Amino acid sequence: MKKLFSSEMVCPGHPDKLCDKIADSILDDYLSHDKDSRVAIEVSVSYKRVFIMGEVSSRWVSDIENIARNVICDIGYDNDIFGFNGNNVDIIIDINKQSSDISNCVNKDDIGAGDQGIIYGYACDETDYYLPLGYVIASKLASRLEEVRRDNIIPYLRVDGKMQVTVEYDDDKVVRVDTVILSVQHDEIDMGLLRKDIEREVIRKVIPDDMLVNTKLYINPSGRFVIGGPVGDTGLTGRKIVVDTYGGFAKHGGGAFSGKDYTKVDRSAAYYARYVCKNLVAAGVASKLELQVSYAIGISKPISINIDAFGTNKVSYGKIMDIIDELFDFSPRNMIEELDLKNIKYSGLSNYGHFMHEDYSMERLDKVDEIREYLV
């Protein structure tokens with residue numbers, strides 16, 4: 001059966017991603033000075049203000065305003081011509097301490113979950129990243145677009161942008177890329193030139209020719225896109241949760257990642273569930289695997305773990321669950337220690353999806369050989 005599936009990605013200058021980057025950069029600053037910091041930061045931006053809110057308990061006093069301004073300018077909003085300038089935009093900070101009711105759960109020896117939650121992990125053998133092809137292509141288009149902007153390969157590009165990729169499948173096998181939609185902010189420029197440059201320098205640099213068969217290309221389909229970033233649309237942390245994970249191929253529990261420290265299972269368990277699924281798929285247990293794990297606030301042991309291999313499993317579900325029980329531990333303390341979550345740079349995950357960064361711990365394939373011993 002033939003079918004089409006679409007995934008999207010957004011650029012670092014997209015207002016929502018700008019908020020995610022600010023939140024994770026503030027988190028990194030706290031953790032770099034105090035590994036036991038408890039941080040839950042939310043950021044929103046409008047055309048003339050940045051709002052930074054949340055709860056923090058730490059021995060470190062972070063220069064939050066300066067961090068936010070540096071992030072905004074580094075992303076590219078550093079000139080009044082954009083209508084939003086990190087050097088002079090108003091920044092409002094409203095941060096309280098972490099609730100004692102929550103800290104009592106996460107500061108004990110046997111760390112409990114900081115909240116109830118439903119979390120999903122996913123992996124498939126469709127690409128070397130163990131992620132779906134359309135999602136990988138969308139991520140790479142965003143990365144390439146940022147590269148050509150920063151390196152002045154296309155000198156008239158501005159910071160905001162988004163892309164969507166539709167892949168055609170036949171019996172779950174990739175056939176071709178059916179459609180690419182790419183919208184990018186720009187200076188006043190001829191649309192014909194922009195579309196020609198984007199196709200040559202971005203799309204055809206990322207997508208192999210054999211995948212571009214009768215592919216429909218929509219480059220800035222609305223036409224002019226000069227007004228962008230927070231001037232064109234407000235931004236908010238955690239509003240791109242599907243972009244952050246699997247591009248719609250897997251379910252999502254609803255919890256966002258950015259701005260949250262490692263005691264928040266929304267983040268730590270999502271990373272660990274990805275780690276488990278990736279190792280199981282790489283070991284040949286299934287061609288694709290989705291895992292759900294749920295928690296109760298204050299309780300370290302998961303309430304439930306459920307798996308779905310979509311009919312691609314090579315062994316029984318019971319066998320897969322036995323392997324998970326033997327080799328993996330979803331308690332918050334173990335997830336933090338096993339993935340070294342006190343020591344990673346979370347701002348490095350803010351763009352291009354949280355599972356497209358192969359040098360991070362949740363992407364390791366260090367349990368494959370152990371898993372295969374259970375399959376003999």
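Let me begin with one pair of side chains: D34 and R59 meet in a salt bridge, with an N to O distance of 2.8 Å. D34 sits in the loop between α1 and β2, and R59 in the loop between β3 and α2, so the pair ties together parts that are 25 residues apart in sequence. The two partners differ in their surroundings: D34 counts as buried, at 4% relative accessibility, whereas R59 is exposed, with a relative accessible area of 67%. I should state at once that this is a predicted model.

The pairing itself follows a general principle: side chains of opposite charge can pair when their charged atoms come close. The structure holds 31 salt bridges, and I shall discuss two further examples.

The next example joins D178 and K216, whose side chains meet in a salt bridge at 3.1 Å, N to O. This pair links distant parts of the chain, with D178 in strand β7 and K216 in strand β8, 38 residues apart. D178 is buried, with a relative accessible area of 7%, while K216, at 36% relative accessibility, counts as partly exposed. Both residues also belong to a network of salt bridges that links K2, E168, R176, D178 and K216.

The other example is the salt bridge between K367 and E338, in which the closest N and O atoms are 3.0 Å apart. K367 lies in the loop between α10 (332-338) and α11 (368-373), and E338 is in helix α10, so here the pair ties together parts that are 29 residues apart in sequence. K367 is a buried lysine, with a relative accessible area of 11%.

I turn now to helix α2. Does the distance between its ends agree or disagree with the span expected at 1.5 Å a residue? The helix covers residues 64-75, and its 12 residues should span 16 Å; the end C-alpha atoms are 17 Å apart, which agrees.

Which residues of α2 are buried? They are I64, I67, A68, R69, V71, I72, C73 and I75. For the reading of such a list, recall that an α-helix has 3.6 residues a turn, so residues three or four places apart point the same way. The buried residues of α2 pack against α1 (15-33), β3, β4 (90-96), α4 and β6 (157-170). After the helix comes G76, with a positive phi near 135 degrees.

On the other side of α2, in the loop between β3 and α2, we find S62. At 11% relative accessibility, S62 counts as buried, the limit for that term being under 20%. The side chain of S62 is joined to that of D29 by a polar contact of 2.6 Å. Leaving out residues up to four places away in sequence, S62 touches D29, Y30 and I67.

Helix α4 (residues 133-150) deserves a comment of its own, and I choose E146, which is placed in it. E146 is buried, with a relative accessible area of 7%. Its side chain makes a polar contact of 3.0 Å with the side chain of R149. A polar contact of 2.8 Å also joins the side chains of E146 and R150. Beyond neighbours within four places in sequence, E146 is in contact with P12, I75 and Y352.

Next, the backbone. Most residues other than glycine have a negative phi. Two residues here call for attention on that account. D172 is not a glycine, yet it has a positive phi of about 70 degrees. D172 lies in the loop between β6 and β7 (173-186) and counts as partly exposed, at 45% relative accessibility. N220, likewise not a glycine, has a positive phi of about 45 degrees. N220 is found in the loop between β8 (216-219) and α6 (229-232). Is N220 buried or exposed? At 1% relative accessibility, N220 counts as buried.

Finally, the surface. Which residues make the nonpolar surface patch of about 290 Å²? The patch is made by Y47, I227 and V231. Y47 is in the loop between β2 (38-45) and β3 (49-57), and at 48% relative accessibility it counts as partly exposed.

To close, I return to the opening pair, D34 and R59: their salt bridge joins a buried aspartate to an exposed arginine.

Conventions. Residues numbered from 1 in each chain as written. Predicted model: local features only at pLDDT ≥ 70, side-chain atom pairs only at ≥ 80, totals over all residues. Heavy atoms only, no water. Patch = residues over 30% accessible without salt bridge, like charges linked within 9 Å, V, L, I, M, F, W, Y side chains within 5 Å. Areas by Shrake-Rupley, 256 points an atom, 1.4 Å probe, with all protein chains shown as cover. Salt bridge = Lys/Arg side-chain N within 4 Å of Asp/Glu carboxyl O. Helix = DSSP H or I, 4+ residues; strand = E, 2+ residues; numbered from the N terminus. Buried < 20%, exposed > 50% of the residue type's maximum accessible area, 1.4 Å probe, protein only. Polar contact = N/O pair within 3.5 Å; in protein donor to acceptor, adjacent residues only side chain to side chain. Contact = heavy atoms within 4.5 Å. Expected span 1.5 Å × (residues − 1).
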